[in-house]
Amino acid sequence: MGTNGSTMLEPLRQGLPPLDPATVSDAASCALPPRYEAVREARQFTRGTLDQWRLDERFDDVCLVVSELVTNALRHGLPAGNGACPAQDPPVRLHLMRWSERLVCAVRDPSHDSPVAGDSEDFSAESGRGLFLVDSFADSWGWHPLGGALSGKVVWALFQVEPVPGRPSARR
């Protein structure tokens with residue numbers, strides 16, 4: 001549990017920490033089109049959702065992480081012929097889920113490949129830093145393959161947030 005060692009970022013294949021789906025206080029999701037404008041749409045959706053949930057204090061961190069997760073899904077998670085995705089089944093979906101003191105951002109894509117951090121130590125590089133940013137700004141992150149009728153994977157990031165005042169479950 002307390003592994004805060006100085007190990008370099010490694011792709012984590014792990015499910016979410018134990019968060020009971022029955023205790024989720026808020027949830028929202030949006031389908032994203034297979035084009036790069038979807039990153040802006042995901043940020044706008046995140047801003048609107050966090051405003052509604054009164055979770056402004058971590059907006060910048062959450063928005064950065066959502067941008068990186070969606071960019072990675074679009075860049076690495078879609079088949080080469082993006083036009084082959086059926087319109088009625090958007091290939092990338094963003095999920096935001098809130099518990100009293102935790103927020104999870106999860107991005108689903110159709111690829112089964114694990115997310116891999118770029119090898120580059122060059123922070124002026126154009127790409128390859130996305131998961132380093134996710135690791136730096138989120139409190140934890142991971143990924144897991146989807147099961148059942150859904151194919152692909154979910155990459156998630158968890159944030160600790162302040163309890164919303166006035167929510168009975170957020171007090172003592």
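The exercises below work through a predicted model of one protein chain, each with a solution in steps.

**Exercise 1. Overall make-up**

State how many helices and strands the protein chain has, and in which pattern they follow along the sequence.

Solution.
- Step 1. Count the elements: the protein chain has three helices and five strands.
- Step 2. Read them along the sequence, which gives the pattern β-α-α-β-β-α-β-β.
- Step 3. Look at burial in the chain: buried residues make up 40% of the 172 residues.
- Step 4. Turn to contacts between residues at least 6 apart in sequence: 69% of them join residues at least 24 apart.

**Exercise 2. Confidence**

Find the average pLDDT of the protein chain, and describe residues 1–11 and residues 82–88 in terms of pLDDT and contacts.

Solution.
- Step 1. The average pLDDT of the protein chain is 78, and 69% of the residues score at least 70.
- Step 2. Over residues 1–11 the pLDDT is below 50, and this stretch has 12 contacts in the model beyond near neighbours in sequence.
- Step 3. Residues 82–88 also have pLDDT under 50, with three contacts beyond four places in sequence.

**Exercise 3. The sheet**

Give the order of the strands in the sheet, and explain why one side of β1 and one side of β4 have no neighbour there.

Solution.
- Step 1. The five strands form an open sheet in the order β1-β2-β3-β5-β4, with antiparallel pairing.
- Step 2. β1 and β4 stand at the edges, and each has a single partner strand, so one side of each is left without a neighbour in the sheet.
- Step 3. From one strand to the next, the twist averages 15°.
- Step 4. As background, strands of a sheet pair through backbone hydrogen bonds, either parallel or antiparallel.

**Exercise 4. Strand β2 and its partners**

Describe how β2 pairs with β1 and with β3, and sort the residues of β2 by covered and uncovered face.

Solution.
- Step 1. Start with β1, residues 26–32: this strand pairs with β2 in the antiparallel sense over seven bridges.
- Step 2. Pick out residue pairs between them. Ala-28 has Leu-96 of β2 as its bridge partner, and Asp-26 stands opposite Arg-98 in β2.
- Step 3. Go on to β3, residues 102–109, which pairs with β2 in the antiparallel sense over six bridges. The bridge partner of Arg-98 in β3 is Leu-103.
- Step 4. Check the connection: β2 and β3 form a hairpin, with three residues between them.
- Step 5. Sort the faces. Val-92, Leu-94, Leu-96 and Arg-98 lie on the covered face of β2, while Arg-93, His-95 and Met-97 lie on the uncovered one.

**Exercise 5. Helices and cores**

Say which strands α1 lies across, which elements the buried residues of α3 pack against, and which element gives the largest share of the largest nonpolar core.

Solution.
- Step 1. Helix α1 lies across β1, β2 and β3, and runs at about 165° to β1.
- Step 2. In α3, Gly-130, Leu-131, Phe-132 and Val-134 are buried. The buried residues of α3 pack against α2, β4 and β5.
- Step 3. The largest nonpolar core has 33 residues, and those with the most contacts inside it are Leu-32, Val-70, Leu-94, Leu-103, Ala-157 and Phe-159.
- Step 4. Elements that give two or more residues to this core include α1 (37–52), α3 (130–137) and β5 (153–160). The largest share, nine residues, comes from α2.
- Step 5. A second, separate core has seven residues, including Val-104, Ala-106, Val-154 and Leu-158.
- Step 6. In general, nonpolar side chains in soluble globular proteins tend to be buried together.
- Step 7. Follow Val-70 outward: leaving aside neighbours within four places in sequence, Val-70 is in contact with Leu-32, Ala-38, Val-39, Ala-42 and Val-107.

**Exercise 6. Two residues compared with the cut-off**

Decide whether Leu-78 and Thr-71 are buried or exposed, and describe the surroundings of each.

Solution.
- Step 1. Recall the cut-off: buried means under 20% relative accessible area.
- Step 2. Leu-78 has a relative accessible area of 11% and is therefore buried. Its place is in the loop between α2 (59–76) and β2 (92–98).
- Step 3. Beyond four places in sequence, Leu-78 is in contact with Pro-34, Ala-73, Pro-91, Val-92 and Pro-110. Pro-34 is 44 residues away along the chain, and the C-alpha atoms of the two are separated by 7.7 Å.
- Step 4. Thr-71 is found in helix α2. Its relative accessible area is 15%, so Thr-71 is buried.
- Step 5. A polar atom of the Thr-71 side chain lies 2.7 Å from the backbone oxygen of Ser-67.

Conventions: Residues are numbered from 1 along each chain as its sequence is written. This is a predicted model: local features need pLDDT of at least 70, side-chain atom pairs count only at pLDDT 80 or more; totals for chains, interfaces and linings use all residues. Side-chain values use heavy atoms; hydrogens and water are left out. Helices (H or I, at least four residues) and strands (E, at least two) are DSSP runs, numbered from the N terminus. Buried means under 20% relative accessible area, exposed over 50%, partly exposed in between (1.4 Å probe, protein chains only). Contact means heavy atoms within 4.5 Å. pLDDT is the predictor's confidence in each residue, from 0 to 100. Two strands pair if DSSP finds at least two bridges between them. A nonpolar core is a set of buried Ala, Val, Leu, Ile, Met, Phe, Trp, Tyr and Cys residues joined through side-chain atoms within 4.5 Å. Axes are lines fitted to C-alpha atoms, for helices over the stretch in contact, and angles run from 0 to 180 degrees between N-to-C directions. A polar contact is a pair of N or O atoms within 3.5 Å; within protein, one must be able to donate a hydrogen and the other to accept it, and residues adjacent in sequence count only if both atoms are side-chain atoms.
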